[in-house]
Amino acid sequence: MEVTVGASNKKPQFDVLVDAHAGEIYAYLWRMLQNEQDAEDCLQEGFLKAYLAYDRLDGSANYRAWLYRIAGNTARTRLRGRLRTGVLLSEEHSDSSLPIEQQAENTFQLEAVIQAIEGLPYKQRASVILRKYQELSYEEIGMILDTSAESARANVYQALNKLRTQFGNGGALPVPNLAEENSEVA
Amino acid sequence: MDKIEETLDAIYGTPAMGTEVLDRLRHSVRQWQEAIWYDALRDTAVGPLLVAVSDQGVVAIEFGTDEAGFVGELEARHGVTAIRSMERVSETMSQILQYLSGDRRSFEIDIDLRDSTEFQRKVLEAAVAVPPGYVATYGEIATRIGKPQSSRAVGQALARNPIPIIVPCHRVVAADGSLTGYSGAGGIETKAHLLRLEGATIA
């Protein structure tokens, strides 16, 4: 672990954190919520919560993981409150350069996969997004989702394995004997 | 990369945040940095209690008034956004509640007299210097700030005290010791109540 003497008293200005991390936090929220307006609402709400708590944050904290954690919890609350009306595929998911039949087939496949992902336990889905698309370490994912790094790793593995099993691409990898297949690892 | 990962890439791709989203967030952050935070308690020893703080300290305390009026006046007077936050106000609020229940005698809190004139500020700071259990007269405060002829203006400055209780204008009394004027809710009754709470002997 790297220790920087005197760094604990030098917390960056909150504006600096906003400029450094708002983009990736927004991307995470968009990925979790699949909706631009909800992503922006949670971005604003999450950063307000962070702003209010910033004075009390330890100067040696991992600011990035801390922001993800607050924003992620905001999104989770929103997901819980959202009526399960199904996902609307936005335009950006279809590739108009392909022939129309191919597009339709792809869209069908996409919808099925999206439904499968939505059906995953929250921590499994969040872990996949945080690892594969936000490129965070398992340690950080553990901090964000209140689990150990090992559980974060297992959650990513199980989520991908479940999707592969369901969609039969290249066959399923053996399921590790960590927990029941359908439960997230806390 | 297998087919599932390709499909995931199509779903999660690269959602770019529009510059207008970042601009709106930056705008909010600027508002928060200048904001006044408030909280309201419906039922206290002095009635409904409203407390507002800035990053510098307590800005306003009112009791017996309604929330909408309090917020409207704060925003109009200071030209900033007032945002409700139990978290930001909790330290000040809990010290006031401890004081009202007799568990605290003095406050350990900064005050922010942002909209007061130089004269009002001197008067209010002189009032803060009067310890609990004691009283001072308007004339004594006037003398203390080097303006012995201004006891009437001292009275007016105290009547406009934006932070009653913490700036103890209730400890300032008339030359004969009588309790004249208290602009907070409950008027002179409240003034007497606060002085009794502090153990002052009331003439």
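Author: pLDDT is the confidence of the predictor in each residue, from 0 to 100. This is a predicted model, in which local features need pLDDT of at least 70 and side-chain atom pairs count only at pLDDT 80 or more, while totals for chains, interfaces and linings use all residues. Residues are numbered from 1 along each chain as its sequence is written, and chains are lettered from A and ligands numbered from 1 in the order in which they are written.

Reader: What pLDDT does chain B average?

Author: In chain B, 96% of the residues score at least 70. The average pLDDT of chain B is 88.

Reader: How many helices does chain A have?

Author: Helices (H or I, at least four residues) and strands (E, at least two) are DSSP runs, numbered from the N terminus. Chain A has zero strands, and its elements run α-α-α-α-α-α-α from the N terminus on. The number of helices in chain A is seven.

Reader: Which element of chain A gives the most to the side that touches chain B?

Author: Two residues are in contact if their C-beta atoms, placed from the backbone, lie within 7 Å. By that rule 30 residues of chain A are in contact with 20 residues of chain B. The elements of chain A that give two or more residues to this side are α1, α2, α4 (100-118), α5 and α7. With nine residues, the one that gives the most is α1(A).

Reader: Which element gives the largest share of the largest nonpolar core?

Author: A residue is buried if 20 or more other C-beta atoms lie within 10 Å of its own, exposed if 12 or fewer, and partly exposed in between, with C-beta atoms placed from the backbone. A nonpolar core is a set of buried Ala, Val, Leu, Ile, Met, Phe, Trp, Tyr and Cys residues joined through C-beta atoms within 7 Å. The largest has 44 residues, and the elements giving two or more of them include α1 (3-12) of chain B. The largest share, 11 residues, comes from α1(A).

Reader: Which residues of chain B does A:Y26 touch?

Author: A:Y26 is among the residues with the most contacts inside the largest core. Not counting residues up to four places away in sequence, A:Y26 touches A:A39 and A:L43, as well as B:M17 and B:V21.

Reader: Which residues of helix α7 (151-159) of chain B are buried?

Author: Seen down the axis of α7(B), the buried residues fall within an arc of 95° (the arc of the directions from the helix axis to the C-beta atoms), so they line one face of the helix. The face turned away from that side carries the exposed residues B:R152 and B:A159. What covers the buried residues includes α5 (118-128), α6 (138-144) and β6 (172-173) of chain B. Those buried are B:V154, B:A157 and B:L158.

Reader: Which residue of β3(B) is the bridge partner of B:L49?

Author: Two strands pair if DSSP finds at least two bridges between them. Five bridges join β2 (49-53) of chain B to β3(B), and the strands run antiparallel. In β3 (58-63) of chain B, six of six residues are buried. The partner of B:L49 is B:F63.

Reader: Is A:D146 buried or exposed?

Author: A:D146 lies in the loop between α6 and α7 of chain A. Although not a glycine, A:D146 has a positive phi of about 60°. With 11 C-beta neighbours inside 10 Å, A:D146 counts as exposed.

Reader: Is B:I165 buried or exposed?

Author: B:I165 is found in the loop between α7 and β6 of chain B. B:I165 is not a glycine, yet it has a positive phi of about 75°. With 22 other C-beta atoms within 10 Å, B:I165 is buried.
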